[in-house]
Amino acid sequence: MPLTSRRMLMLAPLGIAVAGGAGFYAMLRGLGTGSYDPRGVPSVLVGRAAPPFALPPLEATGLPGFTDAELRDLPAPILVNFWASWCVPCIIEHPQLMRLAREGVAVWGVNYKDKPADAAQFLTRHGNPFQRLGADQPGRVAIDWGVYGVPETYLLDRKGIVRWRWPGPVTPEVLEQDIRPLLRRHA
Amino acid sequence: MRRLATLALLGWASLAPALGVGLPSEMLRDPAQEERARAIGRELRCLVCQNQSIEDSEAELARDLRRIVRERIAAGEDDRAVVDYVHDRYGDFVLLRPPFSAATALLWGMPLLALGGGGLALLLLRRRQRAEQGAWPEPAPLTPEERARLAALEDDAAR
């Protein structure tokens with residue numbers, strides 16, 4: 001049967017409907033498996049180097065601050081964690097960060113919009129997983145990274161390229177299913 | 001008194017969106033520049049509340065982004081450069097009118113899809129109606145008695 005323009009006209013809406021249905025199905029599947037989150041803000045930093053910055057140290061802790069230059073050429077992949085003492089999910093993820101630190105993984109912290117005394121007290125109380133700790137009181141470095149809430153965790157490879165970003169607390173599942181395989185892959 | 005307070009509060013609440021939540025302290029002095037900043041801010045999505053623009057949101061991050069927009073405008077950047085600055089950091093998600101791409105095709109195609117679906121439903125409905133009309137049986141011809149009765153009734157009506 002030849003495809004007349006009339007038939008084409010009838011088939012076009014059907015084609016659009018099929019494409020739409022496939023799109024919705026993919027979205028629903030993604031929602032089910034967790035690979036698609038309509039509220040999640042995808043990071044534009046993945047695949048790129050960290051933006052230029054220089055974070056001052058957080059006095060009371062005695063830990064050095066850091067700059068973007070220091071994130072390049074490292075002996076192993078590294079985690080950069082944005083946190084604050086006033087952030088409740090940060091307490092949830094803290095044991096996981098402590099565990100990684102004990103295993104020798106480099107975790108560098110960025111203390112976001114916090115009072116230095118509160119931040120120091122948080123670390124005395126819950127333990128300190130950070131080798132370095134920069135203070136971002138104005139929150140501008142966080143905006144340069146595309147952070148939209150604390151906690152947020154980034155994994156950088158040895159060359160300083162961001163390979164992974166996790167918004168929200170690092171749960172034991174995230175640690176086992178995401179961070180460990182990534183640390184192995186980029187080791 | 002209490003009712004009056006509620007009314008005043010409601011009045012204020014209905015006014016608030018028009019005014020924006022911007023405090024006078026964070027507004028630009030030049031009204032033209034402030035107007036540009038607001039127009040840009042209304043196109044940028046608050047990443048915390050997500051269904052508000054940064055101009056309408058009370059979130060801390062939205063306030064920071066409002067401040068950045070105003071700083072950049074005051075520094076003489078054009079609208080495009082200001083939007084690009086935020087877009088570079090937060091991607092398409094921050095734009096309340098995202099560009100057309102594979103990921104947003106369904107979003108932009110939705111009106112077409114709804115229109116097509118509605119049109120198709122209408123077409124099918126009309127087809128069924130027409131089929132049902134065709135399905136009515138032809139009425140049987142009148143019998144001689146019926147014809148006589150009809151004539152009598154017509155005569156009655158004429159008189």
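Student: Is A:Asp73 buried or exposed?

Tutor: The model is predicted: local features need pLDDT of at least 70, side-chain atom pairs count only at pLDDT 80 or more, and totals for chains, interfaces and linings use all residues, while side-chain values use heavy atoms, with hydrogens and water left out. Residues are numbered from 1 along each chain as its sequence is written; chains are lettered from A, and ligands numbered from 1, in the order in which they are written. Buried means under 20% relative accessible area, exposed over 50%, and partly exposed in between (1.4 Å probe, protein chains only). Because its relative accessibility is 69%, A:Asp73 counts as exposed.

Student: What is the phi of A:Asp73?

Tutor: A:Asp73 sits in the loop between strand 2 (66-67) and strand 3 of chain A; helices (H or I, at least four residues) and strands (E, at least two) are DSSP runs numbered from the N terminus. Most residues other than glycine have a negative phi. A:Asp73 is not a glycine, yet its phi is positive, near 55°.

Student: Which residue of chain B has a positive phi although it is not a glycine?

Tutor: The residue is in the loop between helix 2 (31-42) and helix 3 of chain B. At 5% relative accessibility, it counts as buried. Its phi is about 70°, and the residue is B:Gln50.

Student: Which two residues of chain A does a cis peptide bond join?

Tutor: Most peptide bonds are trans. In this cis bond omega is about -5°. A:Pro151, one of the two residues, lies in the loop between helix 4 (140-145) and strand 6 of chain A. The bond joins A:Val150 and A:Pro151.

Student: What is the strand order of the open sheet in chain A?

Tutor: The sheet has five strands with mixed pairing, where two strands pair if DSSP finds at least two bridges between them. Its edge strands, each pairing on one side only, are strand 5 (132-136) and strand 7 (162-167) of chain A. Direction ignored, neighbouring strands are turned by 20° against each other on average. The order is 5-4-3-6-7.

Student: How many residues of strand 5 of chain A are buried?

Tutor: A:Arg132, A:Gly134 and A:Asp136 point one way from strand 5 of chain A, A:Leu133 and A:Ala135 point the other way, and all are buried. The strand is mostly covered, with the number of buried residues being five of its five.

Student: Which residue in strand 5 of chain A is the bridge partner of A:Trp108?

Tutor: Strand 4 and strand 5 of chain A run parallel and are joined by five bridges. The bridge partner of A:Trp108 is A:Arg132.

Student: Which residue in strand 7 of chain A stands opposite A:Leu156?

Tutor: Strand 6 (residues 152-156) and strand 7 of chain A pair in the antiparallel sense over five bridges. Opposite A:Leu156 stands A:Val162.

Student: At what angle does helix 2 of chain A run to strand 3 of chain A?

Tutor: Helix 2 lies across strand 3 (78-83), strand 4 (106-112) and strand 6 of chain A. Axes are lines fitted to C-alpha atoms, for helices over the stretch in contact, and angles run from 0 to 180 degrees between N-to-C directions. The angle is about 155°.

Student: Which residues of chain A are in contact with B:Asp64, leaving aside its neighbours within four places in sequence?

Tutor: B:Asp64 is in helix 3 (residues 60-74) of chain B. At 5% relative accessibility, B:Asp64 counts as buried. With contact meaning heavy atoms within 4.5 Å, the residues are A:Tyr112, A:Lys113, A:Pro138 and A:Ile143.

Student: What area do chain B and chain A bury between them?

Tutor: In this interface, 20 residues of chain B are in contact with 23 residues of chain A. B:Arg89, B:Tyr90 and B:Leu106 supply 29% of the area that chain B buries against chain A, more than any other three residues. Buried area is the accessible area (1.4 Å probe) that two parts lose on being put together, summed over both. With 62% of it on carbon and sulfur atoms, the total is about 1,900 Å².

Student: How far apart are the end C-alpha atoms of residues 9-28 of chain A?

Tutor: UniProt lists this stretch as "transmembrane region" in an unreviewed entry; its positions are given in the numbering used here, feature names are shortened, and annotations may be inferred rather than shown by experiment. The chain there is 100% helix and 0% strand, and the end C-alpha atoms are apart by 30 Å.
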